[in-house]
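Student: I would like to work through this structure with you. Can we take it one question at a time?

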Amino acid sequence: QVQLVESGGGLVQAGGSLRLSCAASGLIFSNFAMGWYRQAPGKQRELVATVTSAGSTHYADSVMGRFTISRDNAKNTVYLQMNSLKPDDTAVYYCNAVLALINRNYWGQGTQVTVSS
């Protein structure tokens, strides 16, 4: 059974930093593209950042230059380093694993990030 377990969320002041982690199990982690998405109250879920199995990264314009996604295949873990946080970054952050070749798409349960002004 595939599990994605996020951790590292919390309450931080504007300008601060947080590091999210997502530990994956039950899948061949290195084969999957991994991503972070977020959903703020009353808004649709949106892409934050992705990293392919080959290590290529992509970021939403709103987080470019502030957030960094990385993966450690030896630990089956993907990270999101978030710096210079803003109140607009407040949301539930979700981890995602995708392997399009076999039509597999998995989500974690989410972790709350709250940025106070």
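**Questions on the predicted model**

Tutor: We start with Arg 104. Beyond its neighbours within four places in sequence, Arg 104 is in contact with Phe 32, Ala 97, Val 98 and Leu 99. Keep in mind that this is a predicted model.

Student: Which strand holds Arg 104?
Tutor: Its contacts include Val 98 and Leu 99. Arg 104 itself is part of a strand that covers residues 104-107. That strand is E10.

Student: Is Arg 104 buried, partly exposed or exposed?
Tutor: Buried would need under 20% relative accessible area, and exposed over 50%. Arg 104 has 39%, so the residue is partly exposed.

Student: Which residue offers its backbone oxygen to a polar atom of the Arg 104 side chain?
Tutor: Look for a backbone oxygen at 3.2 Å from a polar atom of that side chain. The oxygen belongs to Ile 102.

Student: How far apart in space are Arg 104 and Leu 11, C-alpha to C-alpha?
Tutor: In sequence, 93 residues separate Arg 104 and Leu 11. In space, their C-alpha atoms are separated by 32 Å.

Student: Now the whole chain. How many helices and strands does the protein have?
Tutor: Read the elements from the N terminus: every entry in the run β-β-β-β-β-β-β-β-β-β-β is a strand. The count is zero helices and eleven strands.

Student: What is the radius of gyration of the protein, and does it fit a compact globule or not?
Tutor: The C-alpha atoms fill a box of roughly 40 × 25 × 25 Å along the principal axes. For 117 residues, a compact globule would have a radius of gyration near 13 Å. The protein's value agrees with that, at 14 Å.

Student: What share of the residues is buried?
Tutor: The cut-off for buried is under 20% relative accessible area. Of the 117 residues, the buried share is 40%.

Student: Among contacts between residues at least 6 apart in sequence, what share joins residues at least 24 apart?
Tutor: Val 5 shows a long separation: Cys 95 is 90 residues away in sequence, yet 7.8 Å away C-alpha to C-alpha. For the protein, the share of such contacts joining residues at least 24 apart is 55%.

Student: Where do the mean positions of the charges lie relative to each other?
Tutor: The protein has 9 positive and 6 negative charges. The distance between their mean positions is 4 Å.

Student: Which residue makes a side-chain polar contact with Asp 89?
Tutor: Asp 89 sits in the loop between strand E8 (77-82) and strand E9 (91-99). With 1% relative accessible area, Asp 89 is buried. Its contacts beyond four places in sequence include Arg 38, Phe 67 and Val 113. The side chain at 2.8 Å, in a polar contact, is that of Arg 66.

Student: Ser 84 also touches Asp 89. What is the phi of Ser 84?
Tutor: Ser 84 lies in the loop between E8 and E9. At 40% relative accessible area, Ser 84 is partly exposed. Its phi is positive, in a residue other than glycine, and is near 50°.

Student: Which loop residue between E7 and E8 has a phi near 55°?
Tutor: The loop follows strand E7 (67-72). The residue is partly exposed at 25% relative accessibility. A positive phi in a residue other than glycine marks Asn 76.

Student: Is Ala 74 buried or exposed?
Tutor: Ala 74 is also placed in the loop between E7 and E8. Its C-alpha is 9.0 Å from that of Phe 29. The cut-off for exposed is over 50%. At 76% relative accessibility, Ala 74 is exposed.

Student: Which backbone oxygen does the side chain of Thr 77 reach?
Tutor: Thr 77 belongs to strand E8. It counts as buried, at 9% relative accessibility. Its contacts beyond four places in sequence include Phe 29, Ser 70 and Asp 72. At 2.8 Å, the side chain reaches the backbone oxygen of Lys 75.

Student: Back to Val 5. What is its relative accessibility?
Tutor: Val 5 is in strand E1, residues 3-7. Its contacts beyond four places in sequence are Ser 21, Cys 22, Ala 23 and Gln 109. Val 5 counts as partly exposed, with a relative accessibility of 43%.

Note on methods
Residues numbered from 1 in each chain as written. Predicted model: local features only at pLDDT ≥ 70, side-chain atom pairs only at ≥ 80, totals over all residues. Heavy atoms only, no water. Helix = DSSP H or I, 4+ residues; strand = E, 2+ residues; numbered from the N terminus. Rg over C-alpha atoms; globule rule 2.2 N^0.38 Å. Buried < 20%, exposed > 50% of the residue type's maximum accessible area, 1.4 Å probe, protein only. Contact = heavy atoms within 4.5 Å. Lys, Arg positive; Asp, Glu negative; His and termini not counted. Charge placed at Lys NZ, Arg CZ, Asp CG, Glu CD. Polar contact = N/O pair within 3.5 Å; in protein donor to acceptor, adjacent residues only side chain to side chain.
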